[in-house]
Amino acid sequence: LIKSTILVIYDKIECTDVQDCIQSFNLAPGMTYKKINKNKFVLTNHDYNIIYEQHKPIDQIDFLEANKDLPQAIISETFSNLTDITQIKAHKKGKSNYFLTSINLDPNNYQINNLAVDDNKKIISIKINEENLEIFI
C-alpha cells in the first residue's frame, strides 16, 4: 500500500512447464467497469471510481459475469445466500511470469506512472504524480 490509496501487487509465478497463469480479482457487488485501454479499466461503484491496471503486458483479460452453473463470479456473504459479482481474470502464458498490478483508490488526486520491476535489484519503482519511489521486494 502506497500513499494510503494505491495498492501495488507483484504476483510472481514459477512453473516447471508452460502454463496459462491467471491472476483473479472479485469485484464488490454492483461494481461496473469501463475499458480505458487493453490493460487499464475504471471500476465504478455508486459515486466513486477506482483505476485497475496491469503494468506488464498480458495475453488477455476477461471480465466474467456471474454464472451459478459453472460456478464463477459469485460470492456467499451469508450462509446459503449467493450474490452475483464480476470477476477479473488476467492471463499470461509461460514458465516464469509475473503480474504487476496497481489499484488506485483515489485517481482524482494520484496518477501512477512508470510502474516497473527490476528483478535483479529486487526493486519495484513507481512514479506517483511527480514523486519517484522505490520499494524493495
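**Exercise 1.** In this predicted model, find which residues Ser76 touches, not counting those up to four places away in sequence.

*Solution.* Start by locating Ser76: it sits in strand S6, residues 74-78. Now look around it, skipping residues up to four places away in sequence, and you'll find that Ser76 touches Asn81 and Leu82. Next, follow the side chain. A polar atom there lies 3.3 Å from the backbone oxygen of Asn81. The side chain of Ser76 also reaches the backbone oxygen of Thr78, at 2.9 Å.

**Exercise 2.** Decide whether Ser76 and Asn39 are buried, partly exposed or exposed.

*Solution.* Take Ser76 first. Its relative accessibility is 46%, and the partly exposed range runs between the 20% and 50% cut-offs, so Ser76 counts as partly exposed. Now Asn39, in the loop between strand S2 (32-37) and strand S3 (40-45). Its relative accessible area is 17%. Buried means under 20%, so Asn39 is buried. Who's around it? Leaving aside neighbours within four places in sequence, Asn39 is in contact with Tyr52, Glu53, Gln54 and Ile58.

**Exercise 3.** Work out which residues have the most contacts inside the largest nonpolar core, and which strands supply at least two of its residues.

*Solution.* The largest nonpolar core has 17 residues, and Leu43, Tyr52, Ile61 and Ile88 have the most contacts inside it. Then go strand by strand: S1 (6-26), S3, S4 (48-54), S5 (60-65) and S8 (86-104) each supply at least two residues of this core. Finally, zoom in on Leu43: beyond its neighbours within four places in sequence, its contacts include Tyr52, Phe63 and Ile88.

Note on methods:
Residues are numbered from 1 along each chain as its sequence is written. This is a predicted model: local features need pLDDT of at least 70, side-chain atom pairs count only at pLDDT 80 or more; totals for chains, interfaces and linings use all residues. Side-chain values use heavy atoms; hydrogens and water are left out. Helices (H or I, at least four residues) and strands (E, at least two) are DSSP runs, numbered from the N terminus. Buried means under 20% relative accessible area, exposed over 50%, partly exposed in between (1.4 Å probe, protein chains only). Contact means heavy atoms within 4.5 Å. A nonpolar core is a set of buried Ala, Val, Leu, Ile, Met, Phe, Trp, Tyr and Cys residues joined through side-chain atoms within 4.5 Å. A polar contact is a pair of N or O atoms within 3.5 Å; within protein, one must be able to donate a hydrogen and the other to accept it, and residues adjacent in sequence count only if both atoms are side-chain atoms.
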